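This briefing concerns the structure shown below. The points are grouped by topic.

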Amino acid sequence: MARKILIIDGQGGSLGKEITARLKAECPADEFTVIGTNSIATQNMLKAKPDKAATGENPVVVNAAKADIIVGPIGIVVADSLCGEVTEKMALAVAKSDAPKYLIPVNHCNNIVVGVPNLTMNALLDDLVAKIK
């Protein structure tokens with residue numbers, strides 16, 4: 001049975017695009033929905049050819065409740081993160097979702113994860129794909 005994988009990203013959406021592309025290659029039976037916190041992020045993530053895409057607060061709230069897995073930078077669970085793009089409603093919807101959350105420890109915009117080695121984005125994404133697959 002296909003899992004509903006929700007990928008949320010902001011800023012320019014390059015992380016979300018790479019996550020989507022890698023996961024689609026390894027988990028082709030799953031359904032991928034990408035949501036950008038802004039239209040530029042969504043447009044960039046669309047290049048990875050997800051099954052569905054949307055932009056903004058309400059799509060995050062609606063889709064977080066339906067997702068089997070949620071993936072994104074750690075800021076998606078912190079209000080006002082990603083330089084202010086994540087609203088309180090977004091962060092709460094992701095945090096309250098029953099779906100497992102795979103959070104990439106991107107240490108910027110004042111969200112620093114202590115005790116996590118400073119790995120390259122490639123290493124982080126390789127680990128992410130291995131865990132979800």
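Setting aside neighbours within four places in sequence, I7 is in contact with G16, I19, T20, F32, T33, V34, I35, M45 and V71. The model is a predicted one. Several of these contacts of I7, including I19 and V71, return below in the description of the largest nonpolar core.

**Nonpolar cores**

- The largest nonpolar core holds 18 residues, and I5, I7, I19, L23, V71 and I104 are the members that touch the most others.
- At least two residues of this core are supplied by each of strand 1 (4-9), helix 1 (14-26), strand 2 (31-36), strand 4 (69-73) and helix 6 (121-132).
- Helix 6 gives the largest share of the core, with 5 residues.
- A further core, of 15 residues, lies apart from the largest one; L6, A64, V86 and A93 are among its members.
- In soluble globular proteins, nonpolar side chains tend to be buried together.

**T20, a contact of I7**

- T20 is located in helix 1, one of the elements that supply at least two residues each to the largest core.
- The relative accessibility of T20 is 0%, and T20 therefore counts as buried, the cut-off being under 20%.
- With neighbours within four places in sequence left out, T20 is in contact with I7, V34, A48 and P50.
- V34 also appears among the contacts of I7.

**Fold and dimensions**

- The protein chain contains 6 helices and 5 strands.
- Along the sequence, these elements follow the pattern β-α-β-α-β-α-β-α-α-β-α.
- The protein chain has a radius of gyration of 13 Å, close to the 14 Å given by the globule rule for 133 residues, so the chain is as compact as a globular protein of that length.
- Taken along the principal axes, the box filled by the C-alpha atoms of the protein chain is roughly 35 × 30 × 30 Å.
- Of the contacts in the protein chain between residues at least 6 apart in sequence, 71% join residues at least 24 apart.

**Burial, surface and charge**

- Of the 133 residues in the protein chain, 44% count as buried.
- The protein chain exposes about 6,800 Å², of which carbon and sulfur atoms supply 54%.
- The side chains of the protein chain include 14 positive and 14 negative ones, and the centres of these two sets lie 4 Å apart.

Methods: Residues numbered from 1 in each chain as written. Predicted model: local features only at pLDDT ≥ 70, side-chain atom pairs only at ≥ 80, totals over all residues. Heavy atoms only, no water. Core = buried A, V, L, I, M, F, W, Y, C linked by side-chain atoms within 4.5 Å. Buried < 20%, exposed > 50% of the residue type's maximum accessible area, 1.4 Å probe, protein only. Helix = DSSP H or I, 4+ residues; strand = E, 2+ residues; numbered from the N terminus. Contact = heavy atoms within 4.5 Å. Rg over C-alpha atoms; globule rule 2.2 N^0.38 Å. Areas by Shrake-Rupley, 256 points an atom, 1.4 Å probe, with all protein chains shown as cover. Lys, Arg positive; Asp, Glu negative; His and termini not counted. Charge placed at Lys NZ, Arg CZ, Asp CG, Glu CD.
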